[in-house]
Amino acid sequence: MSDKDDLQGLWKIESMMHRGQTVGYSTTHWEFDGDRVLELIPNYVDGGTWATFTLDETANPKRMEQAYTFPTDDGGTRTQSHKQCYELSGDTLTVGGAVVYGDYPPEISDAVS
């Protein structure tokens, strides 16, 4: 099976780190459904935001890109892309180094902002 197949379903976020420190994170779960992922955020009225995602299992480290589409004031849309590295081992998913609008980080790291 591919990583995409293995990711399908609900994943609970156990912890988040930023620059070596454990931090709070409003997202409590990620739900993967086909080509999309939902960040479940209990504080939001609608519960969270869906994004499409793509994986590159051949990269080292493996890569995941999440693309969020938001409405704009003029009636159009804008897309925000999060590029990050990931490792999938059994029932443990480690994601690190989310970069918004940039290139992929070189490694899974809690030091990337």
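Good morning. A residue is called partly exposed when its relative accessible area lies between the buried limit of under 20% and the exposed limit of over 50%. Lys62, at 26% relative accessibility, therefore counts as partly exposed. I shall return to this residue shortly.

The model before you is predicted. Its mean pLDDT is 84, and 86% of the residues score at least 70. Among the elements, helix α1, residues 3-7, has the highest mean value, 96, whereas strand β2, residues 17-18, has the lowest, 64. Where pLDDT is low, the predicted coordinates should not be read in detail.

Let me turn to the overall architecture. The chain contains 1 helix and 9 strands, and the helix comes at the N-terminal end of the order, followed by the strands. Of the 113 residues, 28% are buried. The chain exposes about 7,100 Å², of which carbon and sulfur atoms supply 47%. Among contacts between residues at least 6 apart in sequence, 26% join residues at least 24 apart.

Next, the interior. Which residues make up the largest nonpolar core? There are 12: Leu7, Trp11, Trp30, Phe32, Val37, Ala51, Phe53, Met64, Tyr68, Tyr86, Leu88 and Leu93. Strands β4 (29-33), β6 (48-56), β7 (62-71) and β8 (77-89) each supply at least two residues of this core. Leu7 belongs to the core, and leaving aside residues up to four places away in sequence, Leu7 touches Phe32, Phe53, Leu55, Met64, Leu88 and Leu93.

I come now to the charged pairs. The structure holds 3 salt bridges. In one of them, Asp3 pairs with Lys62, with the closest N and O atoms 2.9 Å apart. Why does this pair tie together separate parts of the chain? Asp3 lies in helix α1 and Lys62 in strand β7, so the salt bridge links parts that are 59 residues apart in sequence. The two partners differ in their surroundings: Asp3 is buried, with a relative accessible area of 8%, while Lys62 is partly exposed at 26%.

Another salt bridge joins the side chains of Lys4 and Asp35, at 2.1 Å from N to O. Because Lys4 lies in helix α1 and Asp35 in the loop between β4 and β5 (36-40), this pair ties together parts that are 31 residues apart in sequence. Lys4 is partly exposed at 32% relative accessibility, and Asp35 is partly exposed at 45%.

Finally, Asp33 forms a salt bridge with Arg36, the closest N and O atoms being 3.2 Å apart. Asp33 is partly exposed at 37%, and Arg36 is partly exposed at 35%. Thank you.

Note on methods
Residues numbered from 1 in each chain as written. Predicted model: local features only at pLDDT ≥ 70, side-chain atom pairs only at ≥ 80, totals over all residues. Heavy atoms only, no water. Helix = DSSP H or I, 4+ residues; strand = E, 2+ residues; numbered from the N terminus. Buried < 20%, exposed > 50% of the residue type's maximum accessible area, 1.4 Å probe, protein only. Contact = heavy atoms within 4.5 Å. Areas by Shrake-Rupley, 256 points an atom, 1.4 Å probe, with all protein chains shown as cover. Core = buried A, V, L, I, M, F, W, Y, C linked by side-chain atoms within 4.5 Å. pLDDT = per-residue confidence, 0-100. Salt bridge = Lys/Arg side-chain N within 4 Å of Asp/Glu carboxyl O.
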